[in-house]
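Hi everyone, thanks for having me. Please pull up the model on your screens, and we'll walk through it together.

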Amino acid sequence: MNVNLTVNGEDRSADVEPRVLLVHLLRDHLRLTGTHWGCDTSNCGACVVLLDGRPVKSCTVLGVMADGRRVETVEGLAGPDGLDPVQQGFLECHGLQCGFCTPGMMLTARALLDANPDPSEDEIREAISGQLCRCTGYHNIVRSVRWAAEHATNEAKEAVS
């Protein structure tokens, strides 16, 4: 089946079998390997991407279900002006160690901040609750998302001034 989708703002297409999962469409057919394939049971969240702006575990979505839709992967987070505040927050606050969960965590954080620019610690923890990190204990991930929220808000205020 031919699948046409917009990935990180770019129109893409791939010919895939109907049973191919979105994670494999992205990694194997489109060569976007930033989306990690983890547990294959939807428990770990390493494969999270944004589908029409909402976080989904791409190991639970068929590639053909993304036909005509917008997919954002970690490769699309940075913009022409540099890193996304979420990426910068993970860098500044040491929100990663091995990095395996990081792409999914960052995309979940981006979706959270798009919906709620100033989330509380509890709201951040709830947003990332469907994802596993075996290294950090989540404290620095939460700090990273708070850093991104604070700095994105400051950037927005400066842009208006």
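Let's start with one pair: Leu 51 stands opposite Val 71, which belongs to strand E5. Keep in mind as we go that this is a predicted model.

Leu 51 sits in strand E3, which covers residues 48-51. Which way do its residues point? Val 48 and Leu 50 point one way, Val 49 and Leu 51 point the other way, and all of them are buried.

Strand E3 has company. Strand E5, residues 70-72, runs antiparallel to E3, and 2 bridges join them. Strand E4, residues 54-57, is also antiparallel to E3, and here there are 4 bridges. If you want a pair to look for, find Val 48 in E3 and its bridge partner in E4, Lys 57. E3 and E4 make a hairpin with 2 residues between them. In that turn, Asp 52 has a positive phi of about 55 degrees.

Now let's move along to helix H2, residues 85-92. Which of its residues are buried? They are Pro 85, Val 86, Gln 87, Gly 89 and Phe 90. At the N-terminal end, Asp 84 acts as a cap: one of its side-chain oxygens lies 2.8 Å from the backbone nitrogen of Val 86. Just after the helix comes His 94, with a positive phi of about 55 degrees.

Glu 92 is part of H2 too. Is Glu 92 buried, partly exposed or exposed? Its relative accessibility is 41%, so Glu 92 counts as partly exposed. Its side chain makes a polar contact of 2.7 Å with the side chain of Gln 88. For a sense of distance, take Glu 92 and Ala 152: they are 60 residues apart in sequence, and their C-alpha atoms are 14 Å apart in space.

Let's turn to charges. Side chains of opposite charge can pair when their charged atoms come close. How many salt bridges does the structure hold? There are 8.

Asp 84, which we met as the cap of H2, is linked with Arg 110 and Asp 114 in a network of salt bridges.

Next, look at Glu 17 and Arg 19, whose side chains meet in a salt bridge with N to O at 3.0 Å. Glu 17 has 43% relative accessibility, so it counts as partly exposed. Arg 19 has 64%, so Arg 19 counts as exposed.

Another pair sits within one helix. Arg 125 and Glu 121 form a salt bridge, with their closest N and O atoms 3.1 Å apart. Both residues lie in helix H4, and the 4 residues that separate them make about one turn of the helix. Arg 125 is partly exposed, because its relative accessible area is 31%. Glu 121 is partly exposed as well, with a value of 43%.

My last pair is Arg 146 and Asp 118, whose side chains meet in a salt bridge, 3.1 Å from N to O. What does this pair tie together? Arg 146 lies in helix H5, residues 139-160, while Asp 118 lies in the loop between helix H3 and helix H4, so the salt bridge ties together parts that are 28 residues apart in sequence. As for Asp 118, its relative accessible area is 52%, so Asp 118 is exposed.

That's my tour. Thanks for listening, and I'm happy to take questions!

Conventions:
Residues are numbered from 1 along each chain as its sequence is written. This is a predicted model: local features need pLDDT of at least 70, side-chain atom pairs count only at pLDDT 80 or more; totals for chains, interfaces and linings use all residues. Side-chain values use heavy atoms; hydrogens and water are left out. A salt bridge is a side-chain nitrogen of Lys or Arg within 4 Å of a carboxyl oxygen of Asp or Glu. Buried means under 20% relative accessible area, exposed over 50%, partly exposed in between (1.4 Å probe, protein chains only). A polar contact is a pair of N or O atoms within 3.5 Å; within protein, one must be able to donate a hydrogen and the other to accept it, and residues adjacent in sequence count only if both atoms are side-chain atoms. Two strands pair if DSSP finds at least two bridges between them.
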